[in-house]
Structures are given as C-alpha cells and as structure tokens.
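Q: Could you take me on a close look at a single helix and what surrounds it?

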Amino acid sequence: MRTAVCPGSFDPVTNGHLDIISRAAALFDEVTVAVLRNPSKSGLFTVDERVSLLDRCVRGLDNVNVASFDGLLVDFCTERGIATIVKGLRAVTDFDSELQMAQMNRRLADVETVFVPTSQEYSFVASSLVKEVAMYGGDVVGLVPDEVLASLRERLAERR
Ligand code: PNS
C-alpha cells in the first residue's frame, strides 16, 4: 500500500492545503494529514482545534485521516510505516527550505519527499496571511474552507 503524510502547522487549514491534500489522496492509497504540536509556538487555534477543523474538511476524502505529532516528522513516519512526505510548492521562494528539509528527512530515515505544485489560484495563500487579512476585516472567503471561516471569525472576535 502506498502511504503518504501531508505535514504542517495548519493554523488554520486553507484551501491551498486542501488542494494539496486532495491531490495527494488521488496519488496515494492512504494519506495522513499530520499537525505539528510545537510547544514553543502558540497559534490562533489549539492543535486539537486544528485537527478537528481538518477532520471536518477532509470528511469527503475516504483515504485521508488526520493526526497530530511532536518531535521529528521522520519518527512519526517510521512509527506508522509511512514512506513518503507530500509537500506543496507555491513558488520558488518555498523551494530552498523545502529542499533542505527533504534532503535532511531522506538522510535521517530514508523517507522520500514528493513536491506537488500548488494550483495557481492558491499560490499566494498562506495561513499567516489569511489570519492577518481576516484580523483587519479583509475578505478571506474562498481562501479557507467554509468550515474554517466561521471559526476564524469567532476566534478573531474573541481576541479583539
Ligand atoms: O506548515 P509548516 O509550519 O510550514 O510545516 C512545517 C513542518 C511541520 C512540516 C516542519 O516544521 C516539520 O516537519 N517539523 C517537525 C520537526 C522536524 O521533523 N524537523 C526537521 C525537519 S527536516
């Protein structure tokens, strides 16, 4: 069985992420979306909230499941028998750091990385930018799934 992981912070999941996750689901038999638990970085959403939002967003994709992890991504892959990491590339600016991580992960545990080019309509979309725009009242409809939109507005209102 061909298995893959789509790792990230997903704070929150965007339509750009979902584009990559759904295309990974078409390429692999089973895809695990893995949310990083990073104790040194607090986000807008807790990790459990991010997992729950992702769960709702991937409900229609039968071969996709969602989990969280801490520590090294390759350790998570090894524990679960996952051989491939799938990453989206939005632009050449993503490439330097992604190549570095791909080479490190291969050296650490022989885990391959497959890069999927982000669809053009999402090439400028990043969780951080979406949060900033939404915080100042900008329109982010179409950039995040509907399931996320309401939670995003609610959380930003609480923070005001
Ligand atoms: O969405 P992000 O924040 O760009 O995702 C980055 C992520 C989670 C994929 C990356 O930071 C990661 O894999 N972290 C886990 C720790 C790790 O394995 N570090 C070594 C990478 S070579």
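A: Happy to; here is a look at helix H1, with a short visit to other parts afterwards. This is a predicted model, in which local features need pLDDT of at least 70 and side-chain atom pairs count only at pLDDT 80 or more, while totals for chains, interfaces and linings use all residues. Residues are numbered from 1 along each chain as its sequence is written, and side-chain values use heavy atoms, with hydrogens and water left out.

Helix H1 covers residues 15–27; helices (H or I, at least four residues) and strands (E, at least two) are DSSP runs, numbered from the N terminus. Its 13 residues should span 18 Å at 1.5 Å a residue, and the end C-alpha atoms are 18 Å apart, so the two agree; the expected span is 1.5 Å times one less than the number of residues. At the N-terminal end, Thr-14 acts as a cap, with a side-chain oxygen 3.1 Å from the backbone nitrogen of Gly-16 (a polar contact is a pair of N or O atoms within 3.5 Å; within protein, one must be able to donate a hydrogen and the other to accept it, and residues adjacent in sequence count only if both atoms are side-chain atoms).

Gly-16 is also among the buried residues of H1, as are Leu-18, Ile-20 and Ile-21 (buried means under 20% relative accessible area, exposed over 50%, partly exposed in between, with a 1.4 Å probe and protein chains only). The buried residues of H1 pack against strands E1, E2, E3, E4 and E5 and against helix H2, with contact meaning heavy atoms within 4.5 Å.

Helix H2 holds Val-47, which counts as buried because its relative accessibility is 12%. Val-47 touches Val-35, Leu-36, Arg-37 and Ser-68, not counting residues up to four places away in sequence.
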